[in-house]
Amino acid sequence: MKRGIYLIWDLPLADTVSPEEFFVALQGDYPCAVQLRAKHSRTKPPVFESLKSACSARKIMFVVNDRVDWLDPDVDGLHLGQTDGEAPTDPSLFVGRSTHQLEQVRDAARDDRISLLGFGPIRTTQSKRNPLPPRGFELLVQAVAQAQQKPVVAIGGLTADDLKSVHHAGAHAAAGIGAVWASPDPVEALRSLVRCWNNL
């Protein structure tokens, strides 16, 4: 996975957004990956195919959150939380695992099925119900050090002002959720994050 801004396409926050129009408007300022998070969808949401196609056309990694049953040959990866069960054994599948404490980081680092670690929340976040207390940047530095060179995505309440700290901590990417979808102009918000990261 490339370094950069890891966009969480969160439903229902992004329900009304057309993926193709969104990516055209980015004018090349693309995230390094897009993760579809649709916690309340029992079946594939209508945006699934169009988001997958928009990412594929631009060679952006497309990852689904939690749902092993949504995988198909054109989905690049799967992201699992701590309570989402064991990772699939398919060695060709890119699998991420959410971690919130250093013991979980060490467990994921030792698991050959895990390709990437999400670590957070770094700051207070509004994008989850009952969020965990913020972990902060000092713990992020330790998480990166204990990830055994597996890429780490920092997540949770991050803004453009935090990207330098995320970068200096050694994280591979910074996740964007609220900083994008809570903005009155999500396209410009994401472009700003991507340009900021690329200029570090």
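Start by selecting Phe22 in this predicted model. Leaving aside residues up to four places away in sequence, Phe22 touches Leu7, Trp9, Val17, Trp181, Pro186, Val187 and Leu190. Show those side chains together with Phe22.

Next, widen the selection to the largest nonpolar core, which has 65 residues. Phe22 is among the residues with the most contacts inside this core, and so are Trp9 and Trp181, along with Phe23, Leu36, Leu51 and Leu140.

Now go to Pro12, in the loop that runs between strand 1 (4–10) and helix 1 (19–26). Select Leu11 as well: the peptide bond joining Leu11 and Pro12 is cis, with omega about 15°.

A second cis peptide bond can be found by selecting Gly120 and Pro121, where omega is about 5°. Pro121 sits in the loop between strand 6 (116–119) and helix 4 (136–146).

Two stops remain, both concerned with backbone phi. Select Lys59, in the loop between helix 2 (47–57) and strand 3 (61–65). Lys59 is not a glycine, yet its phi is positive, about 55°. Is Lys59 buried or exposed? Its relative accessibility is 71%, so Lys59 counts as exposed.

Finish at Asp66, in the loop between strand 3 and strand 4 (77–80). Asp66 is also a residue other than glycine with a positive phi, here near 75°. Asp66 counts as buried because its relative accessibility is 19%, and the cut-off for buried is under 20%.

How values were computed. Residues are numbered from 1 along each chain as its sequence is written. This is a predicted model: local features need pLDDT of at least 70, side-chain atom pairs count only at pLDDT 80 or more; totals for chains, interfaces and linings use all residues. Side-chain values use heavy atoms; hydrogens and water are left out. A nonpolar core is a set of buried Ala, Val, Leu, Ile, Met, Phe, Trp, Tyr and Cys residues joined through side-chain atoms within 4.5 Å. Buried means under 20% relative accessible area, exposed over 50%, partly exposed in between (1.4 Å probe, protein chains only). Contact means heavy atoms within 4.5 Å. Helices (H or I, at least four residues) and strands (E, at least two) are DSSP runs, numbered from the N terminus.
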